[in-house]
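Open the model in your viewer and keep the selection tool ready. This tour goes stop by stop: what to pick, then what is there.

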Amino acid sequence: MVSWRRRPGPGLARLWGLCCLVLGCWPNALGCPASCGCSSWRIWCTGSSPGIASFPVPQRSAEGENVTEIYIANQPNLESINDNEVGFYVGLKNLTVVDSGLRFVSRHAFVKNVNLQYINLSRNKLSSLSKKPFRHLGLSDLILVDNPFKCSCEIMWIKKFQETKFYTETQDLYCIDDNNKKTALMDMKVPNCDLPSANLSNYNITVVEGKSITLYCDTTGGPPPNVSWVVTNLVSNHESDTNKNPASLTIKNVSSMDSGLEISCVAENIVGEDQASAELTVFFAPNITFIESPTPDHHWCIPFTVKGNPKPTLQWFYEGAVLNESEYICTKIHVINQSEYHGCLQLDNPTHLNNGAYTLLAKNDYGEDEKRVDAHFMSVPGDGNGPILDPDVYEYETTPNDLGDATNNSNQITSTDVSNKENEDSITVYVVVGIAALVCTGLVITLIILKFGRHSKFGMKVHGEVKGVGLVDQIWLSLQDCDNEEQVMVAVNSDVHNNSTASDNSRLGFVLFHKIPLDG
């Protein structure tokens with residue numbers, strides 16, 4: 001059997017060459033020292049020769065944003081971590097500096113590294129370590145074993161930190177006292193070394209706008225803590241005195257803009273810190289800061305914004321009279337922000353009857369404010385400007401006040417409308433007159449036939465005179481002999497008329513009218 005080995009093709013060789021080129025150029029691009037290695041997410045410095053004397057910093061700040069882990073070991077010349085060094089790696093989560101000559105960590109070393117979760121500074125030369133670099137971090141692990149800490153109040157916070165954290169392996173933490181005796185940190189006792197505490201004189205600060213108020217903060221701790229007031233975004237003029245205990249904060253001419261603001265007193269010493277906070281409540285008269293003409297948004301809405309504390313009562317007026325709210329017209333508050341209320345007067349299907357001036361009145365125990373806005377929902381029907389609406393949709397009762405002025409030109413009919421109506425009336429008259437003329441003509445012709453029917457060739461003779469039967473009856477009998485489908489005309493000669501009575505003439509007319517079709 002012949003053994004063989006596949007040789008890499010030219011494409012694969014070029015790919016390997018490109019990868020080697022990128023990896024070879026990466027340390028220089030990131031600014032890695034000779035004793036370090038760098039990738040897009042990790043930096044490691046483990047070579048002791050020539051080693052590093054300062055914390056590695058990228059040449060460009062953007063290059064360190066994706067780095068999440070830094071591992072440094074066996075660097076005897078690295079003695080400090082200073083400000084603005086670790087801060088280039090804003091995404092850093094894990095930091096390890098072990099078996100090196102680290103003696104000092106700046107108080108602002110990790111200000112920008114809010115994502116730090118794990119720090120290992122074991123087997124260095126730390127004799128003291130302040131809590132400030134770590135107090136804003138949510139660390140899950142802080143490992144400090146085998147450092148020659150001096151027994152002092154400055155490292156008491158490490159003992160407290162160890163008591164509050166659970167570790168799978170107990171840290172071998174110790175300190176050296178003044179007699180160079182090694183003592184377990186958990187057994188360390190330092191006189192006059194206690195955590196500070198802060199207490200406010202009032203935790204519910206209430207004040208009326210324009211007035212002044214003074215807040216006091218009483219502190220304890222050893223050594224005596226430093227006191228500071230945190231009044232971020234406070235608009236009102238204020239001054240503080242932290243040289244005395246209790247410390248004081250005076251706020252003058254309190255502004256309503258500071259209502260809801262949090263005020264804090266911070267007490268801090270080398271052991272740790274404590275903080276007490278209170279919310280500032282400012283009472284002030286209502287102020288309508290915004291009101292606007294109505295806008296259609298599912299329902300019609302007159303939007304407004306009102307500030308006031310305590311919460312003001314709201315009343316609407318329409319054309320100077322109190323507006324009684326209902327399910328069709330009512331006030332809605334959509335957003336509440338501290339002492340600011342955003343809402344609208346909601347109107348369901350308003351018509352021209354709702355046009356007019358609307359006034360909002362806001363009132364509380366400290367004053368009132370009002371604003372007016374003009375609303376126009378639709379034009380009066382018939383003026384040519386408003387939309388054509390189905391009157392059945394609106395269930396409003398029309399009153400004399402709802403009618404427009406009779407002298408108003410906007411209610412007058414145009415000439416084109418008049419012309420169209422006159423044409424329609426003329427056609428109707430012509431039709432009626434024509435029908436009437438036809439009816440009259442027919443009646444006249446009928447009467448003429450009846451009067452002069454004896455000269456018609458369609459006249460009919462009476463076949464004989466029946467005794468005992470009157471003339472009209474004889475004619476009736478003769479008519480009975482005629483075919484029902486035959487159209488006949490009966491001619492009565494003058495002799496018949498002369499021999500008949502008035503009663504017979506009436507009966508004869510009745511017979512002729514009912515037996516002879518008019519269209520014959």
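**Stop 1: Phe-110 and the core around it**

Select Phe-110 and show its neighbors beyond four places in sequence: Val-86, Leu-95, Val-105, Leu-116, Ile-119, Pro-133, Phe-134, His-136 and Leu-137 are all touched by it. Keep in mind that this is a predicted model.

Now widen the selection. Phe-110 belongs to the largest nonpolar core, which has 45 residues. Together with Ile-70, Ile-119 and Ile-158, Phe-110 is among those with the most contacts inside this core. Color the elements that feed it: β1 (36-38), β2 (42-45), β3 (69-73), β5 (94-98) and α2 (156-164) each give at least two residues. Which element supplies the largest share of this core? Select α2, which contributes four residues.

A second core lies apart from this one. It has 24 residues, including Ala-198, Ile-251, Cys-265 and Phe-284.

**Stop 2: Leu-280**

Go to strand β19, residues 273-291, and pick Leu-280. Is Leu-280 buried or exposed? Its relative accessibility is 0%, so Leu-280 counts as buried.

Show what surrounds it. Leaving out residues up to four places away in sequence, Leu-280 touches Ile-205, Val-207, Leu-234, Ile-251 and Val-254, and also Asp-258, Ser-259, Gly-260, Leu-261 and Ile-263. Then draw a distance from the C-alpha of Leu-280 to the C-alpha of Glu-262: the value is 6.2 Å. Along the chain, these two residues are 18 apart.

**Stop 3: Arg-135 and its two partners**

Side chains of opposite charge can pair when their charged atoms come close. The whole structure holds eight salt bridges. Select Arg-135, Glu-268 and Glu-273, which are linked in a network of salt bridges.

Take Glu-268 and Arg-135 to begin with. Their closest N and O atoms are 2.9 Å apart. Glu-268 sits in strand β18 (residues 262-268) and Arg-135 in the loop between β7 (118-120) and β8 (141-143), so the salt bridge ties together parts 133 residues apart in sequence.

Next, swap to Glu-273. Its salt bridge with Arg-135 has closest N and O atoms 2.5 Å apart. This pair also links distant parts of the chain: Glu-273 is in strand β19, Arg-135 is in the loop between β7 and β8, and 138 residues separate them.

Turn on the surface here. Arg-135 has a relative accessible area of 41%, so it is partly exposed. Glu-273, at 34% relative accessibility, is partly exposed as well.

**Stop 4: Glu-239 and Lys-252**

Select Glu-239 and Lys-252. The side chains of Glu-239 and Lys-252 meet in a salt bridge, at 3.7 Å from N to O. Glu-239 is in strand β16 (residues 237-241) and Lys-252 in strand β17 (residues 247-252), 13 residues apart. How exposed are the two? Glu-239 counts as partly exposed at 46% relative accessibility. Lys-252, with a relative accessible area of 37%, is partly exposed too.

**Stop 5: the nonpolar patch**

Finish on the surface. Select Ile-427, Val-431, Ile-435, Val-439 and Leu-443: these residues make a nonpolar surface patch of about 480 Å². Zoom to Ile-427, which lies in helix α3 (residues 415-452). Why does Ile-427 count as exposed? Its relative accessibility is 55%, and the cut-off for exposed is over 50%.

Key:
Residues numbered from 1 in each chain as written. Predicted model: local features only at pLDDT ≥ 70, side-chain atom pairs only at ≥ 80, totals over all residues. Heavy atoms only, no water. Patch = residues over 30% accessible without salt bridge, like charges linked within 9 Å, V, L, I, M, F, W, Y side chains within 5 Å. Areas by Shrake-Rupley, 256 points an atom, 1.4 Å probe, with all protein chains shown as cover. Salt bridge = Lys/Arg side-chain N within 4 Å of Asp/Glu carboxyl O. Buried < 20%, exposed > 50% of the residue type's maximum accessible area, 1.4 Å probe, protein only. Contact = heavy atoms within 4.5 Å. Core = buried A, V, L, I, M, F, W, Y, C linked by side-chain atoms within 4.5 Å.
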